[in-house]
Amino acid sequence: MGGVPKLTRADAVAALRNPLALIAARWTPDPRTVRRAALAALVMSVVIVVTGGAVRLTGSGLGCPTWPTCTDDSLTTTRAMGFHGVIEFGNRMLTYVLCAAVGWAIVAARAEKPWRRSLTRLGWAQFWVVMGNAVLGGIVVLVGLNPYTVAAHFLLSSALIAVATAMWQRTREGDGAPRPLVGQAVRQLVWFLVAASGLLIAVGTVVTGAGPHAGDSREVNRIPIDWETVSKLHAVLAWIVVTLTFALWFVLKAVEAPKGPMDRTRDLFLVLLGQGVIGYVQYFTHLPEALVGLHMLGSCLVWIGVLRVLLSLRERPAAGLDLPGPSAEVPLGTRA
């Protein structure tokens, strides 16, 4: 191993002004390191959703009754608060792990050579979403698990997953202008799929807000609608998403689309099938906690799958390259 370079006074001043620039000047990560850092941030964004669901499903939403401290007198959970306090405080601590993963992705993206500003911006976007969601999570506690704030908390987590997925995808691409791999009609179909999936997730939060798992053993306000009726609407939207995915696969097959979009669509279809089975089983077995938790994980995986389909419809070569692509030919979506 080589010696550790000595830091001068000028280095110390520069580190205070712009620590990321100093790190970038002294370290160049391998491209695989950048990809793994982005993937770690994505994985943690899913983990924090699942553990947040565990807080609700175990009735620990008010295990720490205040925020940002756990109680008025203690920053951390106390023995008197028992199991629920441990669960809620543990989920709060995982926010720091998520911040560390996002920070690592930002540092790795900033130190990569050449510096890709687009990657760094996606990393910082994740950071600010995490900060905003942490504050919103505190508001959720302070208002006693109001179901509308809980729904907003989940939707902001879905936005975090979207940004993290985009960054992970961009680490495997160049910074050239995007080149479409399919025609306009196919891209429009995928945007319908994205919109339907977003609506599916949003209605799912309404099911949660009206359903029996309030998040705490004490009396918690619920959205004043029949949760079974909303569940049926949720199921209809799920079938729409499945149908759109199935139709997309056939369209891609008909226009002889590249392997990437075909594979991503197949992966999404398989995730949707698994999520559908879990959804129906949990409904007919009166929402057991374990299956509801799996359904929340499945929701994250479906959203990631949909976004990966969308991002697979174009390619980004390295900046400055002028490679031939489908955009120079007859648009694939217009064939047959």
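**Leu287 lies in the loop between H9 and H10, in a view of backbone with positive phi.** The model is predicted, so that local features are taken at pLDDT of at least 70 and side-chain atom pairs only at pLDDT 80 or more, whereas totals for chains, interfaces and linings use all residues. Residues are numbered from 1 along each chain as its sequence is written, and side-chain values use heavy atoms, with hydrogens and water left out. Although Leu287 is not a glycine, its phi is near 55°, and its relative accessibility of 13% counts as buried (under 20%; exposed is over 50% and partly exposed in between, with a 1.4 Å probe and protein chains only). Glu256, in the loop between helix H8 (227-254) and H9, is another non-glycine residue with a positive phi, about 55°. The side chain environment of Glu256 is described by a relative accessible area of 63%, which makes this residue exposed. Helices (H or I, at least four residues) and strands (E, at least two) are DSSP runs numbered from the N terminus.

**Two views show cis peptide bonds that lead into Pro68 and Pro114.** From Trp67 to Pro68 the bond is cis, with omega near 10°, and Pro68 is placed in the loop between H3 and helix H4 (82-111). From Lys113 to Pro114 the bond is likewise cis, here with omega near -5°, and Pro114 belongs to the loop between H4 and H5.

**Trp67 also takes part in a nonpolar surface patch of about 410 Å².** The other contributors to this patch are Val135, Ile139, Leu142 and Val143. Patch residues have over 30% relative accessible area and no salt bridge, with nonpolar side chains joined within 5 Å and like charges within 9 Å. Ile139 sits in helix H5 (residues 117-142), and its relative accessibility of 36% counts as partly exposed.

**A network of salt bridges links Arg116, Arg170, Glu173, Asp175 and Arg314.** A salt bridge places a side-chain nitrogen of Lys or Arg within 4 Å of a carboxyl oxygen of Asp or Glu, and a search of the whole structure finds 10 of them. Within the network, the side chains of Arg170 and Asp175 meet at 2.5 Å, N to O. Arg170 counts as buried at 10% relative accessibility, whereas Asp175, at 30%, counts as partly exposed. The side chains of Arg314 and Glu173 form a salt bridge at 2.4 Å, N to O. This pair connects distant parts of the chain, 141 residues apart, with Arg314 in strand E2 (residues 314-315) and Glu173 in the loop between helix H6 (147-170) and strand E1 (179-180). Arg314 and Glu173 are each buried.

**Asp263 and Lys259 form a salt bridge within helix H9.** The closest N and O atoms of Asp263 and Lys259 are 2.5 Å apart. Because Asp263 and Lys259 are four residues apart in helix H9, about one helical turn separates them. How do the two ends of this salt bridge compare, buried or exposed? Asp263 is buried, with a relative accessible area of 13%, while Lys259 is exposed, with a relative accessible area of 61%.

Conventions. Accessible areas come from the Shrake-Rupley method with a 1.4 Å probe; for residues, only the protein chains shown count as cover.
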